[in-house]
Amino acid sequence: MKTLPWRTWLLTLAQTLNITTAVISVTVSAVAGSSLAPDPALGTVPYGAQFAAVLLCTYPASMLMQKLGRQLAFLLGGVCLVGGGMLGYFALARGDFALLVAAHAVLGMYIAFANFYRFAAVDGLDAAQKPRALSIVVAGGVLAAVAGPALASALRTVPGFADFSLCYLACSVLGVCTIALMLVFGEARRAAAQAAEVRGRRAPLHITPGIATAIFSAAGGYLIMNLLMVQSSLVLKDICSFGASARAIQAHVLAMFLPSFFTGSLIARFGVRQVLCAGFLLLLAGAACGMGALSYGMAVAELVLVGLGWNFTYVGGGALLTQEVQEDQRHRWQGINETLIAACATAGAFLPAPMLAAIGWKASNGAVVMLSAAGIALAAWTLRQRTPLTPARR
């Protein structure tokens with residue numbers, strides 16, 4: 001197996017900074033928002049603004065990469081991270097709720113760019129290297145799963161500074177680190193040459209069953225993961241201590257990212273079809289745990305299985321997309337893919353509480369079982385003739 005280029009590992013570091021930022025923002029946003037909001041009901045508006053910014057900016061970010069190249073676009077993303085962190089710091093220092101909303105919107109703009117790190121890692125690589133490169137970049141979330149909560153906890157209350165303000169300042173520091181990484185980031189020559197050839201051409205998009213399966217797998221897996229993770233946290237608060245609940249969520253996050261060290265190798269050995277089917281099967285098994293008797297042990301088992309399933313569907317979906325799309329449609333399909341993932345992640349963040357109130361915990365898991373079964377059927381049927389690393393037949 002060929003050695004991956006150094007820029008893959010650089011992008012893995014950048015992904016670590018990205019996920020660390022995301023973990024810090026989700027940890028402090030609601031509490032910080034509630035402390036500044038004129039009405040307690042508006043406490044989650046800043047985080048909602050972040051989701052909205054990711055959703056609205058993802059496709060334009062992909063088009064900007066096609067026009068300017070990955071490096072300049074990622075540098076712009078780093079500038080957004082520095083700016084968003086500074087806005088958040090001053091918002092808390094001054095007690096300005098509107099400024100905090102703006103801060104999270106700018107952080108969302110940064111995330112819209114950073115979500116393309118894994119696709120940048122496969123630019124110019126041979127087909128056999130792409131799944132592994134994509135998987136390694138996603139693995140950057142392992143360190144972030146530990147560093148994010150630790151930073152948020154350590155910087156939450158510091159004498160002489162407004163509560164949580166240093167958490168946002170830490171995001172600015174992460175932004176400076178991101179800019180430093182991107183200044184030495186070298187785009188793949190072959191990918192840059194191909195981008196120059198197709199720049200300005202606007203061929204019609206052609207969707208294939210494989211592209212549809214790739215997008216459904218990544219976006220659907222994200223919807224299921226967010227839905228069950230948030231809903232589990234709502235259920236756990238009634239059956240265990242906050243500390244036990246936090247440990248369960250941490251086990252879930254580690255299960256999301258640790259498999260990335262070998263998911264790419266699994267795709268290379270067994271094929272993307274088997275990995276996607278295994279991912280949806282794990283999601284189904286996790287939801288099935290939720291349909292049994294409610295207990296702390298079953299909830300932890302569900303969270304771990306869902307984390308593993310998300311990894312297989314997210315990495316597998318991304319790997320399949322890189323196999324399926326034509327070069328002159330690469331940026332547009334990546335933009336569409338990430339936009340739909342952002343939409344599903346947003347839905348997965350807002351649906352848990354209404355679903356829990358309307359149909360309950362077991363029925364919510366039952367709905368996920370059916371959605372996961374549909375994912376297994378789709379992957380098995382559309383990719384039934386694929387062998388490992390077999391490109392799409394055009």
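How many aromatic pairs does the structure hold? There are nine of them (rings of Phe, Tyr and Trp, the last by its six-membered ring, pair if their centres lie within 6.5 Å). Before you start clicking: this is a predicted model, where local features need pLDDT of at least 70 and side-chain atom pairs count only at pLDDT 80 or more, while totals for chains, interfaces and linings use all residues. Residues are numbered from 1 along each chain as its sequence is written, and side-chain values use heavy atoms, with hydrogens and water left out.

**Stop 1: aromatic pairs**

Select Y47 and F51. Their ring centres are 5.0 Å apart and the planes sit at 80 degrees, so this pair is edge-to-face (planes over 60 degrees apart; under 30 counts as stacked and the rest as tilted). Both residues belong to helix α2 (residues 45-68), four residues apart, or about one helical turn. Helices here are DSSP runs of H or I, at least four residues, numbered from the N terminus. Colour by accessibility and Y47 comes out partly exposed, with a relative accessible area of 23%, whereas F51 counts as buried at 15%. Buried means under 20% relative accessible area, exposed over 50%, and partly exposed in between, with a 1.4 Å probe and protein chains only.

Now pick F216 and F280. These rings have centres 6.0 Å apart and planes at 35 degrees, so the pair is tilted. F216 is in helix α10 and F280 in helix α13 (residues 272-290), so the pair ties together parts 64 residues apart in sequence. F216 is partly exposed at 28% relative accessibility, but F280 is buried at 1%.

Then show Y222, F257, W310 and Y314 together: they form one aromatic cluster.

**Stop 2: α10 against α17**

Two packed helices are described by the angle between their axes and the distance between the axes. Select residues 209-236 (α10) and 360-382 (α17): the axes come within 10 Å and cross at roughly 160 degrees. Axes are lines fitted to C-alpha atoms, for helices over the stretch in contact, and angles run from 0 to 180 degrees between N-to-C directions. That makes α10 roughly antiparallel to α17 (over 145 degrees; under 35 is roughly parallel, 65 to 115 roughly perpendicular, the rest oblique). Turn on side chains to see F216 again, one of the α10 residues meeting α17; among the α17 residues in this contact are W361, L371 and L378. Contact means heavy atoms within 4.5 Å. By class, this contact has 12 nonpolar, eight polar and no charged residues. Ala, Val, Leu, Ile, Met, Phe, Trp, Tyr, Cys and Pro count as nonpolar, Asp, Glu, Lys and Arg as charged, and the others, Gly among them, as polar.

Stay on α17 and click A380. A380 is partly exposed, at 24%, and touches R273 and C277, leaving aside neighbours within four places in sequence.

**Stop 3: α6 against α14**

Next, select residues 130-138 (α6) and 296-324 (α14). Their axes come within 9 Å and cross at roughly 135 degrees, which makes α6 oblique to α14. K130, P131, L134, S135 and V138 in α6 meet a set in α14 that includes W310 and Y314. The contact divides into seven nonpolar, four polar and one charged residue.

**Last stop: H331**

Finish in helix α15 (residues 330-350) at H331. Is H331 buried or exposed? At 5% relative accessibility, H331 counts as buried. Not counting residues up to four places away in sequence, H331 touches S62, M63, M65, Q66 and R70.

Conventions. Helices (H or I, at least four residues) and strands (E, at least two) are DSSP runs, numbered from the N terminus.
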